Each structure stands twice: as C-alpha cells, then as structure tokens.
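Grab a pencil and work through these exercises with the structure open beside you. Try each task before you peek at its solution.

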Amino acid sequence: MAIPEPSDHEWRPHPRQEAFMQSTADEALLGGAAGGGKSDALIADAVRLMDHPKYSAILFRRTYPELEMSLIQRSRELLSGSATYNQTRKTWTFPSGARLVFGALEHESTVHRFQSAQFPWIGFDELTSFTAYQYDFLISRNRNVHGFPNVIRSATNPGDVGHFWVKKRFIDPMPANTKAWFVRKGLDDVRVDEGTPRSRSRRYFPSLVTDNLTLMAGDPDYIYRLEQLPPRERAMFLEGNWQLAAEGLVYEGFNPEVHVVDPFPIPRDWRRYRSIDFGTVNPFVCQWWAVDGDDRLYLYRELYEAQRLITELGPEIHALTEKEHISATVADHDAQERLQLERNHQIRTIPAWKELLPGIQAVTKKLQPDIEGRPGITVFRDCVVRVDQKLRSERKPTSTQEEFGLYQWAPVTEGHAPKEEPLKKDDHGMDGTRYMVTFLERLKSRQGRFRLTGDV
Ligand SMILES: Nc1ncnc2c1ncn2[C@@H]1O[C@H](COP(=O)(O)OP(=O)(O)O)[C@@H](O)[C@H]1O
Ligand SMILES: [Mg+2]
C-alpha cells in the first residue's frame with residue numbers, strides 16, 4: 001500500500017518498516033533508536049486495510065499533547081486527501097467507511113473507557129511510556145467478527161517508565177527478529193511451541209536510525225547530533241540499547257498484577273498514616289497509607305510533584321486529608337521543611353529512620369505475598385492526586401507505583417560489591433515507602449515492649 005506524501009511522492013516503506021508491516025506475529029514491536037521511522041511505520045500499517053468498510057484501527061500515545069504533536073500532525077501530512085479527519089473524535093474516516101482512531105491513555109484506568117470497544121488493529125507509539133496493565137487490558141479489546149487478523153503493533157525507544165516490562169515481554173525472551181509463542185500460566189508468561197492452544201506470538205524488530213533512508217539522505221548530520229548525547233541517552237536513542245540496568249531492579253518482587261489494585265472504600269477501623277519525602281527540584285512526595293488488621297499497608301493517595309512550595313503543600317495536605325484521622329506522619333529529616341510544616345501548617349512529623357539497606361530489606365519482605373497470596377504492600381491504582389506533566393514529559397516517574405518498576409541497583413564500582421546501594425535516582429516514593437514500613441515496624445516492636453497504644 002502506498003500513501004501519498006505531501007510533495008506528491010508516494011510514501012514507501014523502507015526495508016525495516018516493510019519487514020515490520022509484513023509481520024504475522026500477534027504482537028510486534030519496532031524498537032530501538034530515535035528517527036528510525038517507527039512512528040511512520042505504525043501509521044502506514046494502521047491504514048493498510050482501510051479499503052474494507054468494517055476495518056478499524058486505534059493508535060495510542062500516552063498523552064494528548066504528545067499525540068497531537070506527533071502522530072496526528074504526521075497523519076495530516078500522510079492521509080489528507082485519502083480520508084476525512086474529525087478533530088473532536090480524533091478519527092480519520094476512509095471512503096470505504098473504515099476508521100483510524102487516535103487515543104491517549106493518560107491515567108492507567110483510562111483504559112476502562114474502552115471496555116466495550118473492538119479493534120482488529122491496536123497500536124501503541126512509545127510503548128515504554130505505557131503500563132503493562134494498559135497493554136494487557138487492550139489486548140482483550142483486540143477482536144473482531146469480520147475475519148480480520150487481530151494484531152497489536154507498537155513502536156518505542158528504550159528507557160521510559162515502562163522500560164522493564166517491555167524489555168521482559170519483547171527483548172529478553174527471544175532473539176531479535178525471531179517470532180516466539182507464549183501462554184499465560186497464572187502470573188507467568190511461558191514460552192511454548194508454535195501451535196500450542198491459546199498461545200500468542202511476539203516478535204521484536206530492532207530499528208536503527210540508519211534504517212531511515214529518507215532521514216539519512218535529507219539530514220545526514222542527525223546521526224552526529226545523536227552522538228553528542230550523554231552516554232545513557234546515546235545508548236538508548238542512537239544504539240537502541242535496552243541494557244540499562246546492569247545490576248537489576250531493587251524490588252524485583254514488585255508485580256503490578258499483585259501489588260496494584262482498583263481502589264476500594266477503606267474500612268473505618270483501619271489506621272491511617274502519612275509519609276513525606278521533601279523535594280522541590282526533585283519531586284515532593286506525601287503518601288497516605290492505611291493499615292489493615294494484619295498490618296498490611298495500602299497506599300491510597302499521594303502527592304507527587306516537583307517545583308512546589310511548602311506554603312502551598314501544607315494547606316493542600318490538610319485539604320486532601322479532610323476528616324480522615326491520621327495517627328502519625330513520618331518525614332525525611334530536612335529540619336527546615338519539617339519546621340515549616342509544623343509551625344505554619346500544624347503538621348507535626350516524626351523524623352524517619354533512614355538506614356538504606358535494612359530499609360530496603362524490610363520493604364522487600366513486606367512486598368512478599370503471604371500464604372493467602374496477599375502482599376504486605378498494595379498500591380491503589382491512579383492514587384496520585386495529579387500527574388506532574390513536566391516529570392512525564394521528561395520521561396521520569398510520576399508516582400510511587402512507577403518508581404517501583406524502575407528503581408535499580410547502582411552499577412558496581414571498584415571496592416564495592418553488587419547490590420550494595422541503589423542508584424540515587426527516581427527514588428522519592430521509594431524513600432517514602434521505606435520510611436513508612438520501617439516506622440511501623442519499629443513502632444510495633446516498641447508497642448510489644450511498652451504496650452503503647454493510641455497515636456504517636
Ligand atoms: N518510509 C518513509 N518515507 C518517507 N519519510 C519517512 C519514511 N519513514 C520515516 N520518514 C520520515 O523520517 C522522519 C523520522 O521518522 P519517525 O517515524 O518519526 O521516526 P521514529 O518514530 O523512529 O523516531 C519523519 O519525518 C518521517 O516522516
Ligand atoms: Mg516516533
């Protein structure tokens with residue numbers, strides 16, 4: 001299929017784009033370096049069967065501004081004249097009646113709006129900006145009664161908040177350019193032989209900037225500009241390198257399918273606590289935790305925002321807490337800000353216990369599900385009060401939940417053993433979680449000794 005280019009050239013896929021577009025895998029990912037022609041390949045693949053009146057495709061970007069600036073803008077160049085665009089519905093309708101819809105999935109639970117949707121073609125651009133929950137949910141919407149193949153098509157650079165789940169799904173289990181089959185067994189994803197009932201296939205197509213012959217010819221210096229990036233970004237954007245976490249994730253046991261749940265009303269007799277990690281350039285994090293009768297912790301609300309002042313945050317913490325009774329608030333040691341909270345906003349805080357490795361061990365232990373399969377730490381889906389859009393556009397985590405999926409051990413340096421300390425990066429919700437878990441543990445052992453009850 002050839003799409004007309006604005007300048008009357010026909011859009012023709014470059015060889016890598018063509019291989020991706022011809023893939024017969026249920027799920028295909030075109031991934032790696034920036035500028036390889038990934039987004040173009042997605043649009044072109046989405047409209048391949050638009051001569052069929054019943055065909056429909058939906059292509060997602062995580063946020064509306066990104067969607068508008070990239071895919072929608074490019075689709076105007078590629079599709080104007082061949083189809084009609086409805087701005088409100090973000091939908092191209094083709095002469096046959098077939099449709100290409102654009103969507104954004106700002107919050108994890110935004111996917112619930114697609115509960116009754118059906119699309120034979122579902123696409124994600126910048127897949128690592130989405131969550132595994134969103135991807136899995138939409139797989140269940142990938143169906144049709146007209147006999148079209150049902151496929152999921154994605155494109156991405158490495159390195160955003162979804163880096164590790166995407167790597168686990170497409171990069172680690174099989175060599176690049178190889179189709180492999182998988183079935184779900186409980187929480188596990190098991191590789192199986194071709195033809196195994198209910199199996200679904202996947203294939204990863206690595207993409208390099210040199211694949212994009214148009215760009216190479218039109219802007220030969222682009223590659224040199226990528227070479228000027230700092231090493232980590234260069235590895236991701238130029239080389240399409242997925243090996244960013246040499247020493248692994250700190251909380252490997254954190255599984256969103258186990259540890260993240262849809263919110264439920266918190267019983268009145270559960271105690272509530274808050275945990276604060278200060279920051280202005282870095283995000284300020286205030287977490288609200290509820291504790292059930294078996295000492296299981298539920299993160300039910302959080303503020304996670306950079307560039308905010310205590311003068312605004314103090315009143316907001318009060319407003320959000322409303323009539324809830326908070327038994328105690330633990331906080332980072334920062335004397336200045338603790339004093340400000342106490343003096344100006346009547347929020348008294350207890351200095352957190354900050355020993356790093358024992359704290360990490362305590363959280364690791366708490367994450368483990370008990371015999372009933374229930375973990376000691378659970379996060380309410382979308383519990384962050386507002387998503388800090390600046391953090392998101394910088395591809396940084398915007399919540400404690402996202403941090404759990406990214407928090408890594410620091411690379412080994414001379415004189416240090418592996419897993420001796422975590423990378424000091426994107427760890428503000430991790431700090432807050434550690435303060436909470438260790439505070440409650442220490443409180444409990446104290447109560448055991450002194451039979452202390454009531455608030456602290
Ligand atoms: N087959 C093609 N024909 C013409 N131009 C293309 C083709 N593939 C990509 N381009 C152009 O190259 C540039 C980069 O492609 P894009 O798909 O945005 O890359 P990526 O998503 O991998 O960063 C864009 O301006 C795009 O329109
Ligand atoms: Mg792109």
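Before we start: a helix here is a DSSP run (H or I) of at least four residues, and helices are numbered from the N terminus. Also keep in mind that you're looking at a predicted model.

**Exercise 1. The shell around the ligand**

Task: Find out how many residues surround ligand 1, and which helices each supply at least two of them.

Solution:
- Step 1. Start with the count: ligand 1 has 16 residues around it.
- Step 2. Pick out the closest ones, which are Gly 37, Lys 38, Ser 39, Asp 40 and Thr 214.
- Step 3. Look for helices that give at least two residues each to this shell, and you get H2 and H6 (213-218).
- Step 4. H2 makes the largest contribution, with three residues.
- Step 5. Sort the shell by class: four residues are nonpolar, eight are polar and four are charged.

**Exercise 2. H2 meets H3**

Task: Work out whether H2 and H3 are roughly parallel, roughly antiparallel, roughly perpendicular or oblique to each other.

Solution:
- Step 1. Locate the two helices: H2 covers residues 38-46 and H3 covers residues 64-79.
- Step 2. Read off the geometry, an angle of about 60° with the axes 10 Å apart.
- Step 3. Check the cut-offs: roughly parallel needs an angle under 35 degrees, and roughly perpendicular needs 65 to 115. H2 and H3 are therefore oblique.
- Step 4. Add the handedness, since the crossing of these two is right-handed.
- Step 5. Name the residues that touch: H2 brings Ser 39, Asp 40 and Ile 43, while H3 brings Ser 70, Leu 71, Arg 74, Ser 75 and Leu 78.
- Step 6. Class by class, that contact of H2 with H3 holds three nonpolar, three polar and two charged residues.

**Exercise 3. Two domains**

Task: Say where the chain is divided, and how many residues of each domain are in contact with the other.

Solution:
- Step 1. Mark the bounds: domain 1 is 3-237 and domain 2 is 256-450.
- Step 2. Their centres, taken over C-alpha atoms, are separated by 35 Å.
- Step 3. At the contact, 14 residues of domain 1 meet 11 residues of domain 2.
- Step 4. On the domain 1 side, H4 (132-139) and H5 (163-171) each supply at least two residues.
- Step 5. That side of domain 1 has six nonpolar, five polar and three charged residues.

**Exercise 4. Your turn with H10 and H11**

Task: Describe how H10 (residues 310-321) and H11 (residues 335-345) pack.

Solution:
- Step 1. Their angle is about 60°, and their axes lie 10 Å apart.
- Step 2. H10 and H11 are therefore oblique to each other.
- Step 3. The crossing of H10 and H11 is right-handed.
- Step 4. Ile 310, Gly 314, Pro 315 and His 318 of H10 meet Glu 337, Gln 340, Leu 341, Asn 344 and His 345 of H11.

Note on methods:
Residues are numbered from 1 along each chain as its sequence is written. Chains are lettered from A and ligands numbered from 1 in the order in which they are written. This is a predicted model: local features need pLDDT of at least 70, side-chain atom pairs count only at pLDDT 80 or more; totals for chains, interfaces and linings use all residues. Axes are lines fitted to C-alpha atoms, for helices over the stretch in contact, and angles run from 0 to 180 degrees between N-to-C directions. Angles under 35 degrees count as roughly parallel, over 145 as roughly antiparallel, 65 to 115 as roughly perpendicular and the rest as oblique. A crossing is left-handed if the near helix is turned anticlockwise from the far one by less than a right angle, and right-handed if clockwise. Two residues are in contact if their C-beta atoms, placed from the backbone, lie within 7 Å. Ala, Val, Leu, Ile, Met, Phe, Trp, Tyr, Cys and Pro count as nonpolar, Asp, Glu, Lys and Arg as charged, and the others, Gly among them, as polar. A residue is near a molecule or strand if its C-beta atom, placed from the backbone, lies within 6 Å of it. Domain bounds come from an automatic or database domain assignment.
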